[in-house]
Amino acid sequence: MGYWLLKSEPDVFGIDHLKDRPDQTEPWDGVRNYQARNMLRDQMRAGDLAFLYHSSCAVPGIVGIVQIVREGYPDVSQFDPDARYYDPKSSPANPRWYRVDVRYKRHTKRVLPLAELRTYADGPLAELPLLRKGNRLSVMPVTPGQWEFILALENR
DNA sequence: GCCAACGTTGGC
DNA sequence: GCCAACGTTGGC
């Protein structure tokens, strides 16, 4: 099973929004970065788990856990001229952008702030892309070791 | 609001 | 293919 971290802005698509959906499942769409696209399209598998991270807010950090319930498929918002994520260079025959479906699992017992995660940037979380300078990836892999370490932080 | 870092675009 | 200009991200 794979582990991931997904970033969102809580004002746009927060964990409470996901939890309040009828089946607690939504497409993870609007990703318009090739590196992130490749992971959505090629590497994520149904059943994988992901930390949900809130960015651009008062306390950026990990707020919950979601499950990938549908593997990568074309992000239809790229074909809609009226959609925010429309891409005129893409077409259904040759889609450029992909999305997965995610289902709410749970909130973490507490928010795990970026500032706290950073204190482990020279140790167990040294290779976590989130903590690397200038990182802007909205989808990133998490190793099993990093996953277990972060989960353990919940109880501190 | 500021600004560093990064990705993309487009002229050459 | 290079690289300057530009737009975006995202912490602070």
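A polar contact is a pair of N or O atoms within 3.5 Å. In this predicted model, such a contact is found at the start of helix H3: asparagine 33 caps the N-terminal end of the helix, with a side-chain oxygen 3.0 Å from the backbone nitrogen of glutamine 35.

Helix H3 itself spans residues 34-42, and its buried residues are Ala36, Arg37, Met39 and Leu40. Viewed down the axis of H3, these buried residues fall within an arc of 165°, so they line one face of the helix. A general rule helps here: an α-helix has 3.6 residues a turn, so residues three or four places apart point the same way. What do the buried residues of H3 pack against? Their partners are four strands, namely E1 (3-8), E4 (61-74), E5 (98-113) and E6 (139-142).

Turning to the interior, the largest nonpolar core holds 42 residues, and Leu6 and Leu130 touch the most other members. Leaving aside residues up to four places away in sequence, leucine 6 is in contact with Trp28, Met44, Ala50, Phe51, Leu52, Tyr53, Val66, Val102, Ser138 and Val139. In soluble globular proteins, nonpolar side chains tend to be buried together.

The next stop is the DNA. Around DNA strand B lie Tyr34, Lys89, Lys133, Gly134 and Arg136. Of the atoms of DNA strand B that come within 4 Å of the protein, sugar and phosphate account for 67%. The residues of this surface comprise three charged, one polar and one nonpolar. Lysine 133 offers a closer look at the backbone of the DNA: one of its polar side-chain atoms lies 2.8 Å from a phosphate oxygen of DNA strand B.

Notes
Residues numbered from 1 in each chain as written. Chains lettered and ligands numbered in written order. Predicted model: local features only at pLDDT ≥ 70, side-chain atom pairs only at ≥ 80, totals over all residues. Heavy atoms only, no water. Near = heavy atom within 4 Å. Polar contact = N/O pair within 3.5 Å; in protein donor to acceptor, adjacent residues only side chain to side chain. Nonpolar A, V, L, I, M, F, W, Y, C, P; charged D, E, K, R; others polar. Core = buried A, V, L, I, M, F, W, Y, C linked by side-chain atoms within 4.5 Å. Buried < 20%, exposed > 50% of the residue type's maximum accessible area, 1.4 Å probe, protein only. Contact = heavy atoms within 4.5 Å. Helix = DSSP H or I, 4+ residues; strand = E, 2+ residues; numbered from the N terminus. Arc of directions from axis to C-beta.
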